[in-house]
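Let's take a walk through this structure, one piece at a time. Have a look at the sequence and the model first, and then we'll start where two chains meet.

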Amino acid sequence: MFDRYLIDADSLRNTGPADAPTGFAFDAKLGYYRGLGLSMVEKLDIAIDGEPLPREAVRFDEGLGPLTLDEMETAYDRRWPFGTAATILVDRPGGFPAGEHELSLLQQLRVSYLPFPAVNTDKKSVSLAA
Amino acid sequence: MSGQIKRGVSLYSFQEEMFLGRMNVEDVVGFSTSIGAAGIEILPEQNMPTFPHITDAQIGEWQDMLSRHGAHFTCYDMFLDTKLRKGELLSDEEQVESIKRDLTLCNRLGIRNMRVLIFVRPDILEKCVPYAEQMDVHMGVEVHAPWHLEHAWILRTVDVADRLGTRHLGILPDMGIFMKNYPPEFRARFERQGARPEVAQFIVGQHQQKIMCEYTIYEVAVKMGGNKAEVAMAETLRHAPYANPKRIKDYAPYFRHIQAKFYGMTEDCIDPAIAYDEVIPELVKCGWEGTLSSEYEGNRWIQDVEEVDSREQVRRQHVMFENLIAKAQSELEIV
């Protein structure tokens, strides 16, 4: 319902030392018309130009400190509120590749009333600010 | 009795603008009262960022804000995360506790109607009835497409309510169950995704004739060699029932609030898809006194090609409500 709005393209930045970045980060919203407990966010799949990055490389931070996706599974007291950007951190030596690339995000949510997982996807052509 | 239908708005209607940060809840409330829709339906899990931790001070702020605009709450939309934990469902006791948490907050907000998700089991709700009575909150199970008023799953809740003789358990219809015509917004979106106009027309025609959806899906997917967009369009027919508006009077004692679902209004304030012109006269005839609460859900069908204007859509729906209510009342007086 909000797929096209998930990735904030202007938020892309590298993380770690400026001369030797260890990863990158961007802001994203939850593609759902309400907030959801973090334990029900099953996947945050990230890919660059269609190349998936490993699940272990991804961390999530809604403002209370970064969690791995495995840690999110039992974060029963934390929520990703409606319409609120959270930070997605990705470990990738060298940071985000130079120039314009397609960044994609897939969110798989365990929505209790649906018989199947809810899947949201967004893809945006992005580049690091010069 | 007639003339008691009230008009309201669910905050759900403005999900596009609120998601994008272009409107906040007070903007929605102010707009709603400006079109004479003073009843506000809230989704705490959407509109209260600190949910489920809501302080008395926060509740006070909400009440002050509503009264500044001459608005009031009508309904609380609950959720139940039975799949909170990976691999196991909440126990029955945990489900009851979660519902009681919502009943408590509903009561603290001064709201007397709670929209219960349709998948909540009737036996779980039965266990919540004593607490709902204590909190004086009506638990209305959402009757949402593809279910409908006389679906056996819905009748189970009605049976529980009858057996207990309670006025605190019933239903809460979503008007999507009265989809008389296929929404033009759906068709246009599928055509933009690659559905051929002749196949789209075939699907619309099948829906128009109320042919059972599985025939159409097979025709499109197999016989016509339908592409992805065409098959997806045909599959929407699984969720496009046209329930009989004449049955409304039989169920009216079980509901106090209506989610007035719609996907798009024409410029002359007609809903081309949902049969409000048949539903509203039935509500007026049986003297129903609840709130018609706008639930605009067209944003997701048009946001790829145009700016969503939920205000204008909701405004048009309320013009239609006023017209249809007045017409039904005048016809009632003539008889």
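Start at the place where chain B meets chain A: 24 residues of chain B are in contact with 19 residues of chain A. Keep in mind as you look around that this is a predicted model. On chain B's side of that meeting place, two helices each bring in at least two residues, namely helix H1 (15-19) and helix H3 (44-47). Of these, H1(B) gives the largest share, with 3 residues. What kinds of residues does chain B turn towards chain A? Sorted by class, they come out as 12 nonpolar, 5 polar and 7 charged.

Now stay with chain B and look at how it is divided up. The domain assignment splits it into domain 1, made of 6-179 + 241-334, and domain 2, covering 184-237. Measure from centre to centre over C-alpha atoms, and the two domains of chain B are 30 Å apart. They do touch, though: 9 residues of domain 1 of chain B are in contact with 6 residues of domain 2 of chain B. On the domain 1 side of that contact you'll find 6 nonpolar, 2 polar and 1 charged residues.

Next, the sheet. Chain B has an open sheet of 8 strands with parallel pairing, and if you read across it the order is S6-S5-S4-S3-S2-S1-S8-S7. Which strands stand at the edges? They are strand S6 (169-173) and strand S7 (257-262) of chain B; each has a single partner strand, so one side of each is left without a neighbour in the sheet. As you step across this sheet, neighbouring strands are turned by 30 degrees against each other on average, direction ignored.

Take a look at one of those edges. Strand S5 (residues 138-143) of chain B runs parallel to S6(B), and 5 bridges join the two. To pick out one pairing by eye, find B:Glu142: its bridge partner in S6(B) is B:Leu172.

Our last stop is a pair of helices in chain B. Helix H10 (residues 213-223) and helix H11 (residues 228-235) of chain B pack at an angle of about 175 degrees, and their axes are 9 Å apart. Angles over 145 degrees count as roughly antiparallel, and H10(B) and H11(B) are therefore roughly antiparallel to each other. Where they meet, H10(B) offers B:Thr216, B:Ile217, B:Val220 and B:Ala221, while H11(B) answers with B:Glu230, B:Val231, B:Ala234 and B:Glu235. By class, this contact between H10(B) and H11(B) has 5 nonpolar, 1 polar and 2 charged residues.

Technical notes
Residues numbered from 1 in each chain as written. Chains lettered and ligands numbered in written order. Predicted model: local features only at pLDDT ≥ 70, side-chain atom pairs only at ≥ 80, totals over all residues. Domains from an automatic or database assignment. Contact = placed C-beta atoms within 7 Å. Nonpolar A, V, L, I, M, F, W, Y, C, P; charged D, E, K, R; others polar. Pairing = 2+ DSSP bridges. Helix = DSSP H or I, 4+ residues; strand = E, 2+ residues; numbered from the N terminus. Axes fitted to C-alpha atoms, helices over the stretch in contact; angles between N-to-C directions. Parallel < 35°, antiparallel > 145°, perpendicular 65-115°, else oblique.
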